[in-house]
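Colleague: I should like to examine how the descriptive terms applied to this model are justified. May we take them one by one?

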Amino acid sequence: MKTSVFFAAMTAAGLSAGAAAAGTLDDVKARGTLNCGVTTGLVGFAAPNANGEWEGFDVAVCRAVAAAVLSDPTAIEFVPTTGKTRFTALASGEIDMLARNTTWTFTRDVDLKFEFTGVNYYDGQGFMVPKALGVSSAKELDGATVCIQTGTTTELNLADFFRKNNMDYEPVPIETNAESQQQYLAGACDVYTTDRSGLAATRASFENPEEHAILPETISKEPLGPLVRHGDHEWGDVVRWTLNALIAAEELGVTSANIEELAKGTNRPEVNRLLGTEGTLGEMLGLDKDWAKRAIMVGGNYGELFAKNIGESTPIGLARGLNAQWTDGGLLYAPPFR
Amino acid sequence: MSDTHSQTAFVRTEVLPEAPPPVYEQGIVKWLRENLFSSVANTILTLAAIWAVYYLATATGPWILNGVWTTSSLTECRDVLQGDVGACFSVLAERWNQLLFGFKYPDELYWRPLLAFALLFVALGPLLFFKVFPRKFLALTAVYPFLAFYLIWGGTIMVPVFALLGFVVGIIVYRRLVLQSAAMGLLGAVIAAFAFWYATGFITGPMANFLALEPVPSRDMGGFMLNMMLGVICVSLSLPIGILLALGRQSNMPIIKWISVVFIEFIRGVPLITLLFVANVVLAYFLPPESSLDLILRVIIMITMFASAYIAEVIRGGLAALPKGQYEAADSLGLDYAQSMQLIILPQALKISIPGIVNVSVGLFKDTTLVSVISMFDLVGMIRGPILGASEWNGVYWELFGFAALLFFVVCYSISQYSQWLERQLQTDHR
């Protein structure tokens, strides 16, 4: 989502000197804790609760990996990172994986030498307007004042969108999400634009959320996912297939409620292979046969995690949308466990 | 002529009783007239001020008085208020410990930082009110940093004990060598202290459980405690370093002079936030991932360097303000460099520098909130990250930042009041 060219360049430069040690899996096992980079706090995705325990949709990925590798979903050292420090933390080896709603882009994957291990949330930039404005489509926003966070890709996407549609807009530059909420509510701008998940969370915090609408257009692709250092493929595979196990579990109907029963053996071979009653998938990863079972048992499958942290029953109230299983018309498509 | 008197209609035979002054020349009316309505411009300003106070009071009064303290989320606050104006102070109540101590400091150990905080006043007393307390009490102040370290971080007591002894060794060596030359004394003291620390490093390892408190890693520290720690540690470290740098910059020895000049000019030429990024991001590449030099220590080093460069320049201003005669007087008494500085120059120069030093200290204390940018959970970091990132409290801004402002105001205002009192105490001018 947010790129800082300077830090990106510094990250790349530093990598040559950095300790991109191979064998992260062995390091993690030897250390007994997983160092997982998360955000310093984002509604629904990662934040410590009143008891100081981290929870959220991104945190769930960390917990699943820790459960798969170390058999203990709490054996995690959460390293909070900001948009500016996240890549150096990963490149320098301070963290083993980064699960911090980070957009998978070409330069981050190729130039910064990271390995995105999948997508846990398909986001995209959207618009929020007061319903009183009477706008039902982003195409009707000609001449609007738009609150926009400076220095982010959302700013560039916005410019592209308005140019493409031959419209004018007046940007109101702001620094943080908190500031933008205040500006928008104070009427300093007609439209607030950022990622749709952020818009939903912002809207949920308003006193009268029903007076604001999120417009149907999505003007950018923001696939968010966990990432690891480039070049350590064994570790990358562990993170990738742990995420895939969560997604496949939903597709296969494995939930935290029925997993104990299914783990005794079923007549469905893919479920058996996933849960380790058949085949040797766990051993191939360098883990034991119950790895996926443990990962799923932490908080349930992908669908359960979604519903619990950011789904429609939570204050954020995100619909599955693109993040539905491919069988339901979404983009989630875990490769076969075979 | 004898009956002139009888022609007089009236002769006052006694002194008139004192009449009360006119109503507009006494009491509150006089005070109002003189202070608030003495001229047209003042009257306008007074009326404007009254309006502003009234406006603020009516705007914030109901908001504070209607405040809700007991709910568990912003939505519930709004339900309770039913559309009335009112603050949602519940967030302060629920996250009170997190705001003060961060979210990872073990709650059964809160007494340790609290005790360290209480002892801070015991330790500062003799230093700040040196005319009230006998000099002996300064020993308390000297022991405090090590005691506070032991309380806050835990671990074996041997680490702070040896650290303290290292300073004692350094001071002994300084006393021995300073007779030959001040620079040599200082250098010898530093070398001796570091040699002592290195040697005792082998002893503390095996004694890790001797009189040990439960250790708390520094990444678990946060909240206002972190601001206080950074502020107190960095200010108290930067003052001696700043004095040394200021003296170094005035030195006749070219190497010492140029080291001081380059250090001061370089650090002053770089924004603090850049130094913090260096501490957090760049150093991560040069140090091994399991490095023992943890983030809080790196940040303390960077902020101390930053503050000492500024304090050095403030003190240099004080040194420059002294008449040359003072230096010459010291020389003519036959005092060597160290003596003349300790006894004559620095006491005067530091007195002149007090407003500047306090200015830097207050600024530095507030600057400690910048660490939230490098993902440390100080008071502002806690608010911006975990608390506003919790779905229950997303959208509570005024209450949280108002609370942070209040805490900082209390501390900064106290520092400023103290410094004004200190200036009056040290007043020796002929006015």
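Modeller: Let us begin with a definition: two strands are said to pair if DSSP finds at least two bridges between them. Please keep in mind that this is a predicted model.

Colleague: What makes strand S8 (residues 125-130) and strand S11 (residues 191-195) of chain A a pair?

Modeller: The requirement is at least two bridges. S8(A) and S11(A) are joined by 4 bridges, so the criterion of at least two is met. The two strands run antiparallel, and Met128(A) stands opposite Tyr192(A) of S11(A).

Colleague: What is the order of the 5 strands in the open sheet of chain A?

Modeller: The order is S10-S9-S11-S8-S12, with mixed pairing.

Colleague: Why do strand S10 (169-174) and strand S12 (212-214) of chain A count as edges?

Modeller: S10(A) and S12(A) each have a single partner strand, so one side of each lacks a neighbour in the sheet. Between neighbouring strands of this sheet, the average turn is 30°, direction ignored.

Colleague: Which strands of chain A does helix H6 (residues 153-164) lie across, and which does helix H8 (residues 196-204) lie across?

Modeller: H6(A) lies across S8, strand S9 (144-149), S10 and S11 of chain A, at about 155° to S9(A). H8(A) lies across S8, S11 and S12 of chain A, and runs at about 125° to S11(A).

Colleague: Turning to chain B, how do you know that the span of helix H10 (residues 182-204) agrees with expectation?

Modeller: The expected span is 1.5 Å times one less than the number of residues. For the 23 residues of H10(B) this gives 33 Å, and the end C-alpha atoms are 32 Å apart, which agrees.

Colleague: Which residues of H10(B) are called buried, and what do they pack against?

Modeller: Buried requires 20 or more other C-beta atoms within 10 Å of the residue's own. Ala182(B), Gly185(B), Leu186(B), Ala189(B) and Ala193(B) are buried. The buried residues of H10(B) pack against helix H9 (158-177) and helix H16 (337-367) of chain B.

Colleague: How many residues does each chain bring to the contact?

Modeller: Chain A brings 32 residues and chain B 26 residues. On the side of chain A that touches chain B, helix H7 (177-185) gives the most, with 3 residues. That side divides into 13 nonpolar, 17 polar and 2 charged residues.

Colleague: What confidence values accompany the model?

Modeller: The model scores ipTM 0.78 and pTM 0.81. Chain B has a mean pLDDT of 84, with 95% of its residues at 70 or more.

Key. Residues are numbered from 1 along each chain as its sequence is written. Chains are lettered from A and ligands numbered from 1 in the order in which they are written. This is a predicted model: local features need pLDDT of at least 70, side-chain atom pairs count only at pLDDT 80 or more; totals for chains, interfaces and linings use all residues. A residue is buried if 20 or more other C-beta atoms lie within 10 Å of its own, exposed if 12 or fewer, and partly exposed in between; C-beta atoms are placed from the backbone. Two residues are in contact if their C-beta atoms, placed from the backbone, lie within 7 Å. Ala, Val, Leu, Ile, Met, Phe, Trp, Tyr, Cys and Pro count as nonpolar, Asp, Glu, Lys and Arg as charged, and the others, Gly among them, as polar. pLDDT is the predictor's confidence in each residue, from 0 to 100. Axes are lines fitted to C-alpha atoms, for helices over the stretch in contact, and angles run from 0 to 180 degrees between N-to-C directions.
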